[in-house]
Every structure is written in structure tokens, then in C-alpha cells.
Amino acid sequence: MEERLAWIRFQQLFGSGSTRSRKILDHFGHPSAFFAQAGKRPDRMGLTQGEIERFATAGSEETAQKILDRCAAIGCSVLIPEDPDYPQRLREIYNYPAALYLRGSLAGLDESLAIGMVGTRNCTDYGRQAARLIAGELAEKGVVIVSGMARGIDTASHEATLRAGGRTIAVLGCGIDVVYPPENARLEELILRHGGAVVSEYPPGTKPFPRHFPIRNRIISGLSNGIVVVEGTRHSGSLITAGHAFVQNREVFAVPGSIFSGVSEGPNYLLRQNAKAVDSVESILEEYQFLIQWEVPGEPEEKTPVEESEQKGYNEKQRLPAEPKGEQLTLPAYLTENQQKIYTVLGAGEVVTADFIAAQSGVPLPAVLSALTQMEIFGLVKIHPGRRFSL
């Protein structure tokens with residue numbers, strides 16, 4: 001209980017999405033250690049004047065206890081980073097929420113393929129139809145859809161997921177007990193009834209102030225494997241979400257739109273920044289072939305990854321194909337010494353990170369990255385989502 005109070009208090013003191021709080025957390029290791037050292041003299045901790053003032057008000061233990069009591073009264077769970085139910089994908093982003101308020105369940109999310117769907121509130125019929133098509137077909141294949149429950153693209157994505165019998169997660173820019181927009185009260189009920197979840201890093205009762213939404217967008221991308229931007233202007237919140245996704249090493253997809261449409265400026269801009277164009281759900285799913293249940297070697301009929309996903313879905317228990325035994329790895333003669341070491345590590349047939357290659361080969365990480373780039377040009381190395389590599 002004390003640790004939960006400390007995390008809530010920590011978030012209230014430094015605010016949501018703060019990179020400053022992460023630096024303090026890196027130094028002290030845990031909010032409890034910070035508050036123990038601060039004692040009753042926060043002025044000695046190098047805090048700003050505003051933080052010192054909040055230390056005895058919004059960041060007090062009494063306020064944290066009231067928040068916890070309110071959560072218990074409305075049936076809301078509070079997840080902190082050390083909880084086993086706290087999503088691991090979210091835990092890995094730099095400025096993860098110190099406290100996550102939850103209704104519903106996030107069980108199994110880390111083992112599932114999750115795609116974030118974002119776009120403008122003032123969407124066109126084209127954008128709405130695209131969101132419904134993409135979210136609905138992804139949901140039919142077992143993909144979890146994450147969005148922000150705003151009007152427009154968000155609502156269309158949540159609704160299409162539910163119609164397809166899928167699971168969806170709504171990330172709010174207000175308190176967990178505040179329905180915004182008000183007309184989505186029924187939608188929220190359906191999300192919870194059908195195994196989804198509603199989450200927020202803002203404590204109960206928090207109003208939907210405009211400044212909250214750009215901050216919460218990092219959670220949408222943080223919970224997801226990739227983000228699909230359907231429509232949005234060049235400086236819209238959708239582009240902010242895409243920016244978070246790029247930083248978090250998530251895949252970014254964009255739905256191409258008319259050059260005459262203002263709300264297609266954002267997706268079209270992202271396409272120039274190496275986002276992947278979406279013309280069907282297959283253009284999304286093919287980026288996650290490493291999540292597909294592969295055929296057991298020796299079965300009479302082999303299926304393509306897309307055919308396999310259509311049969312079994314993308315959130316089945318997965319494994320990679322076994323490397324054929326007894327085959328001698330042949331090193332291309334033109335490789336440098338470092339490249340030969342890297343090629344040998346990749347010869348095991350696994351999809352691995354650059355850090356893993358460096359550890360196994362003994363080649364420094366910068367040299368590994370340089371060598372991998374050259375080997376990709378040679379056509380020897382494949383780059384997979386999440387900056388992972390294989391032969």
C-alpha cells in the first residue's frame with residue numbers, strides 16, 4: 001500500500017509525462033526513496049518552486065490516499081510499474097506513467113499484437129470508412145485495437161472493433177470516471193463488457209483539459225506495437241502520436257489521402273518520413289510476420305505468412321521456424337572480420353537485436369550497427385520491426 005501511495009504521490013508532484021520525473025527516478029531508484037530523503041524539507045531536493053508548493057498539496061500523502069480511496073469507491077484499479085499486470089511494452093518507454101488508472105482488464109496484452117488507431121476528430125467520410133475497414137479487419141484477425149475514444153477516427157475504430165467481435169483499449173485524456181465526449185458513455189460500457197479496458201494516467205475527477213491529450217498520446221503508442229494514422233493535419237495530435245511512436249521504436253503506418261484534403265496533410269507528410277503506406281490490413285500485418293505461428297517443418301502443405309495469419313490469427317502462441325540441422329554455415333568470402341563474426345551469430349537462424357549480436361560476437365555495438373548496414377546493402381541481412389535482425 002505504501003509503495004502504491006508513493007507512486008501516485010510522485011506522479012501528482014511532477015505531473016504526467018514528465019521527463020524530469022524520470023531523471024529523478026533514475027537517481028533515487030524508487031519514489032519511496034525520494035520521499036524518504038525529502039522528508040519535510042523538499043527545498044533541499046533541488047525542486048522548482050512549483051514542485052515545492054505541490055509537495056504539500058497535490059503531491060502530499062493525504063492527497064494520494066484520497067485518490068486511492070476514490071478509486072476503491074468507483075471500482076477502479078491502480079497499476080504501478082512494479083505490478084505484474086502493468087504492461088511491459090508501456091514500462092519500456094522513457095516517460096512511462098507512474099500510476100495507471102484502469103477499468104476492465106489488460107491481461108494478455110503483452111502477448112498480443114496491438115495496433116493503435118489515431119486520427120482527427122473532424123474526419124471525412126473517407127477517413128471514417130478507412131478507420132472502420134482497417135480496425136474491423138484487424139480485430140477479426142485477433143489484433144487488439146488501441147485508441148483514444150475521441151470523436152471521429154477514434155470512435156470509428158473502437159466501434160468497428162466491437163462490431164467485429166474484437167478487443168479494444170481506450171486511453172483517456174481525463175479521469176477514469178469522466179466520460180468524454182459525453183455521447184461515448186455507451187461505447188465505454190461496450191468496451192468493458194467485451195473484454196477491453198479504459199485507462200488513464202489522470203486521477204479520478206480530472207477534467208479533459210486540452211493540454212492532457214498530447215501527453216496521453218504517448219500511452220496509445222506505448223501500449224501498441226505500431227500506430228496507424230488515418231487522417232490529421234500537419235500539426236495535429238495524430239502527428240504527435242506518430243512522433244511518440246518513432247521515438248519509442250514503434251512501426252508507423254499512414255493512410256494515403258488526397259493532396260487536396262487538409263486532413264490528409266499529416267498522413268501524407270508521414271509517408272515522406274518513411275512511414276509505411278496502408279492500402280489494406282495486409283500491409284500492416286506483413287510487418288509482424290515474426291508473431292505468426294509458423295508451419296511445423298515436414299507438413300505436406302506450406303502456407304504463406306498471410307495465409308497462416310488468416311487461419312490462426314496474429315495473437316496465437318508463436319514460435320520461430322527451426323533451423324535445419326546438420327547444415328554447415330558458409331561465410332561469404334568478401335566479408336570483413338567483424339562482418340564474419342556477425343554473420344556467424346545470425347547463422348543460428350534467430351531474429352535478434354543489435355545488442356544481442358554485440359554480446360555474442362564480441363564486436364562493439366557501434367561497429368555492429370555499421371556492419372549490419374553494409375550487410376543489408378549486400379542483401380545478406382534482413383531488418384525486422386523493433387530494429388531486430390536476421391539472415
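Two strands count as paired when DSSP finds at least two bridges between them, and with that in mind the strands of this predicted model can be followed one after another.

A good place to begin is strand 3, which spans residues 114-118 and runs parallel to strand 4, the two being joined by three bridges. Within this pairing, Ile115 has Ile145 of strand 4 as its bridge partner. To get from strand 3 to strand 4, the chain passes through helix 7, made up of residues 125-140, and the resulting β-α-β crossover is right-handed.

Strand 4 itself, covering residues 144-147, has both of its faces covered, since Val144 and Val146 on one side are buried, and Ile145 and Ser147 on the other side are buried as well. On from there, strand 4 is also joined by three bridges to strand 5, residues 168-171, and these two strands likewise run parallel. Ile145, already met as the partner of Ile115, has Thr168 as its bridge partner in strand 5. Here the chain crosses from strand 4 by way of helix 8, residues 153-163, to reach strand 5, and this β-α-β crossover is right-handed.

Further along the sequence, attention can turn to a single residue, Gln339, which lies in helix 15, the stretch of residues 337-346. Gln339 counts as buried because its relative accessibility is 6%, and the cut-off for that word is under 20%. Gln339 and Leu372 stand 33 residues apart in sequence, while in space their C-alpha atoms are 7.7 Å apart.

Definitions and conventions: Residues are numbered from 1 along each chain as its sequence is written. This is a predicted model: local features need pLDDT of at least 70, side-chain atom pairs count only at pLDDT 80 or more; totals for chains, interfaces and linings use all residues. Side-chain values use heavy atoms; hydrogens and water are left out. Helices (H or I, at least four residues) and strands (E, at least two) are DSSP runs, numbered from the N terminus. Buried means under 20% relative accessible area, exposed over 50%, partly exposed in between (1.4 Å probe, protein chains only). A crossover is right-handed if, with the strands pointing away from the viewer, the path from the first strand over the helix to the second runs clockwise.
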